[in-house]
Amino acid sequence: MTSLLVQTTATTETPAPIRRRGGGLWTAVRTNTKAMIGLVIFLLFAAIAIAPQLFTSVRHPNDLAFTPGEQPSGAHWLGTTMLGQDIYAQLIYGTRESLVIALVAGGVATILSVLIGVSAAYLGGFADDSLSLLTNVFLVLPTFPLIIILATYAGKGSLSVILVVLIVTGWSYGANQMRAQALSLRNREFLESARVRGERRLYIIVFELLPTMTSLIVAAFLGAALYSVLTAAGLQFLGLGDPNSLSWGTMLHWAQSQQALQTGMPLWSLAPGLCVALLGASFALLNYAFDEISNPALRPVRRIRAKRAHA
Amino acid sequence: MRFLLRRLGFFVLTLWAALTINFFIPHLMPGSPLQALRDRTHNKLSPQALQELLASFGFKPNQNIFEQYLDYLRDMLTGHWGVSIGQTLGTPVSTIVGQALPWTLGMVGVATVLAFILGSLVGTVAAWRRGGRLDAILPSVFVVTSALPYFWVALLLILMFSVWTNGLLPSDFNYDSSLQPDWSPEFIGNVLQHAVLPAATIVITAVGGWVLTMRNNMITTLAEDYVRMGRAKGLSDRRIMYNYAARNALLPNLSGFAMSLGFVISGAILVEYVFNYPGLGYLLYNAVQNNDYPLMQVLFMLFTVAVLVAVLVCDFAIAWLDPRSRAKG
């Protein structure tokens with residue numbers, strides 16, 4: 001029965017004053033531990049990606065400049081690879097490509113999903129039927145095998161090929177959510193009044209409808225970015241990326257093909273994997289925190305409050 | 001009934017779309033099967049034999065592309081999948097697939113279902129004990145595990161349970177090559193031992209998502225009036241938790257389960273690659289490495305069919321669990 005009491009305190013908490021966008025969003029992020037952890041990790045990686053030369057003295061991390069297979073030391077914090085590269089320097093310089101893939105692929109996929117999802121919901125009728133069918137087909141198609149096959153046919157590799165396949169396969173999940181949300185907003189009074197005012201359709205969508213969908217769009221972006229980070233790393237790990245590129249996934253590929261685990265150099269493959277995991281975790285934490293911010297019922301119940309309820 | 005018919009229609013349409021993509025990608029992209037085959041045989045086979053081989057898996061360059069397309073559709077659906085042009089040149093694709101399929105179904109399938117059941121249970125309990133010690137840490141932990149890359153978890157497990165412990169658990173293949181496959185307890189034990197690490201990888205990375213969505217659904221359902229009504233009637237906690245709240249909260253998760261199968265397949269490819277586990281994912285990797293076009297096409301079709309069948313099964317399950325979906329039609 002205690003859980004019932006806890007539950008009711010949680011729901012009475014729900015109708016908290018609705019925060020305005022802008023300043024309110026920042027306060028919400030700052031007071032949410034998960035969001036802060038995610039943001040700090042992301043900003044750290046962003047700083048490394050923008051100015052890698054501040055973090056290491058090595059300038060050409062792909063050159064075979066050092067003794068191969070050295071254990072971690074003061075000179076090489078994480079040791080060197082079997083090919084004679086500094087692992088730490090490779091990690092630092094690899095940040096940029098991984099981050100660019102996440103942001104560009106995630107961003108474009110989100111724009112696509114907004115375009116397709118919102119227009120499906122807003123146009124209705126035949127346009128809606130065909131667009132949502134397209135979305136559902138893409139949602140169900142097994143994307144990773146498709147990506148592998150596409151990447152193979154398109155010539156292994158280059159960054160642009162990976163970006164294109166990530167975007168083509170990454171938009172459908174968000175589009176489905178956008179459509180559902182836009183459908184539920186379609187007949188609200190504020191849109192009705194804009195229509196009565198005689199606003200153009202485009203104006204209504206861009207200035208009336210989209211702002212109310214901000215949190216969903218942010219969530220879709222974070223989800224697409226997470227998907228892109230993990231998928232790109234997976235592709236490169238399998239050796240379907242450019243083997244000379246500087247990225248975490250490519251490092252993993254070389255480490256795996258040189259049997260890093262079995263030859264006593266676990267850091268070579270664990271360190272870049274950890275970076276992928278950290279970047280992924282930062283997107284996932286931010287995503288979950290946004291869920292909590294936009295739906296207060298999901299927020300963690302404060303322990304003190306829970307105790308009071310027991311009493 | 002109309003609901004089920006609509007779902008069947010969707011099934012057919014998506015399968016057709018997948019097959020069409022599958023057919024046109026090789027035709028639109030640079031690089032041809034003929035070239036791949038020529039490289040593979042190092043010109044050892046006569047052009048005549050090559051032509052025959054290619055014709056035997058449906059490659060007729062002089063034929064009208066539309067006719068080729070129809071032939072291809074018929075062959076795919078009737079199981080005339082041609083022969084491999086990869087490492088195992090000339091072996092029928094259906095034989096290769098038949099050897100790999102049980103391993104993927106057994107290992108990946110069991111691990112995925114286990115993760116779903118485990119995750120939904122933990123999510124139900126976490127939401128029920130809202131504000132408890134469990135609920136305070138679980139969400140954060142599972143947010144992080146659900147974002148972990150499959151292959152990294154796999155590498156970590158290999159390091160911890162195989163490399164550092166001198167091969168406590170095997171990290172390679174599906175069973176020791178010294179054993180003869182049969183139904184003896186020794187062989188079955190060996191197979192299970194080899195499946196532990198790959199299956200654990202899948203469970204660890206997949207369980208988080210189910211916990212989180214189930215918890216969120218449960219929290220929403222627990223606030224419903226019918227739950228309060230159940231309490232007022234004096235039903236037991238257990239009954240309210242499973243029969244009233246969880247049964248409703250599970251519905252969105254079930255449809256999510258089918259959709260997530262695509263992610264499971266991507267995970268299976270990476271996990272099987274890391275562990276050299278001879279399932280369908282590993283097969284696809286090899287097919288790609290060897291430009292084995294017929295095998296690739298069949299595998300992609302099978303993956304699509306697997307997801308679509310799961311979607312159908314989940315639709316039926318939802319129709320059975322939720323009377324509203326039947327009424328809506």
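Guide: First, a ground rule: helices (H or I, at least four residues) and strands (E, at least two) are DSSP runs, numbered from the N terminus. You're looking at a predicted model, where local features need pLDDT of at least 70 and side-chain atom pairs count only at pLDDT 80 or more, while totals for chains, interfaces and linings use all residues. Residues are numbered from 1 along each chain as its sequence is written, with chains lettered from A and ligands numbered from 1 in the order in which they are written.

Visitor: Fair enough. What ipTM does the predictor give the complex?

Guide: There are two scores for the complex. The pTM comes out at 0.82, and the ipTM is 0.81.

Visitor: And which helix of chain B has the highest confidence?

Guide: pLDDT, the predictor's confidence in each residue, runs from 0 to 100. Chain B averages 81, with 89% of its residues scoring at least 70. Confidence in chain B is lowest in α2(B), at a mean of 65. The top mean, 89, belongs to residues 225-232, that is, helix α9 of chain B.

Visitor: How many helices are there in chain A, and how many in chain B?

Guide: Reading along chain A gives α-α-α-α-α-α-α-α-α-α-α-α-α-α, and chain B reads α-α-α-α-α-α-α-α-α-α-α-α-α. Strands number zero in chain A and zero in chain B. The helix counts are 14 for chain A and, for chain B, 13.

Visitor: Now the interface. Which helix supplies the largest share of the side of chain B that touches chain A?

Guide: Counting a contact when C-beta atoms, placed from the backbone, lie within 7 Å, 52 residues of chain B meet 50 residues of chain A. At least two residues each come from α1 (2-28), α6 (133-146), α7 (150-163), α8 (185-222), α10 (237-274), α11 (280-289) and α12 (293-321) of chain B. The largest share is eight residues, and it comes from α12(B).

Visitor: How many residues on that side of chain B are nonpolar?

Guide: Nonpolar means Ala, Val, Leu, Ile, Met, Phe, Trp, Tyr, Cys and Pro; Asp, Glu, Lys and Arg are charged, and the others, Gly among them, polar. On the side of chain B that touches chain A, three residues are charged and 10 polar. The nonpolar count there is 39.

Visitor: Which residues have the most contacts inside the largest nonpolar core?

Guide: A nonpolar core is a set of buried Ala, Val, Leu, Ile, Met, Phe, Trp, Tyr and Cys residues joined through C-beta atoms within 7 Å. Buried means 20 or more other C-beta atoms within 10 Å of a residue's own, exposed 12 or fewer, partly exposed in between, with C-beta atoms placed from the backbone. The largest core has 172 residues. Its best-connected members are A:Val229, B:Ala154, B:Leu284 and B:Leu299.

Visitor: Why does this core lie between two domains of chain B?

Guide: α10(B) gives the most to this core, with 19 residues. The core lies between the domains because residues come to it from both domain 1 (2-78) and domain 2 (96-328) of chain B.

Visitor: Which helices do the buried residues of α7(B) pack against?

Guide: Buried residues of α7(B) include B:Trp152, B:Ala154 and B:Ile158. They pack across both chains: on chain A against α11 (214-237) and α13 (266-294), and on chain B against α8 and α10.

Visitor: Which element gives the largest share of the side of domain 1 of chain B that touches domain 2 of chain B?

Guide: Chain B is divided into domain 1 (2-78) and domain 2 (96-328), with bounds from an automatic or database domain assignment. Their contact takes 14 residues from domain 1 and 15 residues from domain 2. Two or more residues on the domain 1 side come from each of α1 and α2 (33-40) of chain B. The largest share, 10 residues, is from α1(B).

Visitor: How many residues of α4(B) are buried?

Guide: α4(B) covers residues 65-78, and just after it B:Gly79 takes a positive phi of about 80°. The helix lies largely in the open, because of its 14 residues the number buried is one.

Visitor: Last one: where does B:Asn276 lie?

Guide: B:Asn276 isn't a glycine, yet it has a positive phi of about 50°. It counts as exposed, because 12 other C-beta atoms lie within 10 Å. You'll find B:Asn276 in the loop between α10 and α11 of chain B.

Terms used. Contact = placed C-beta atoms within 7 Å. Expected span 1.5 Å × (residues − 1).
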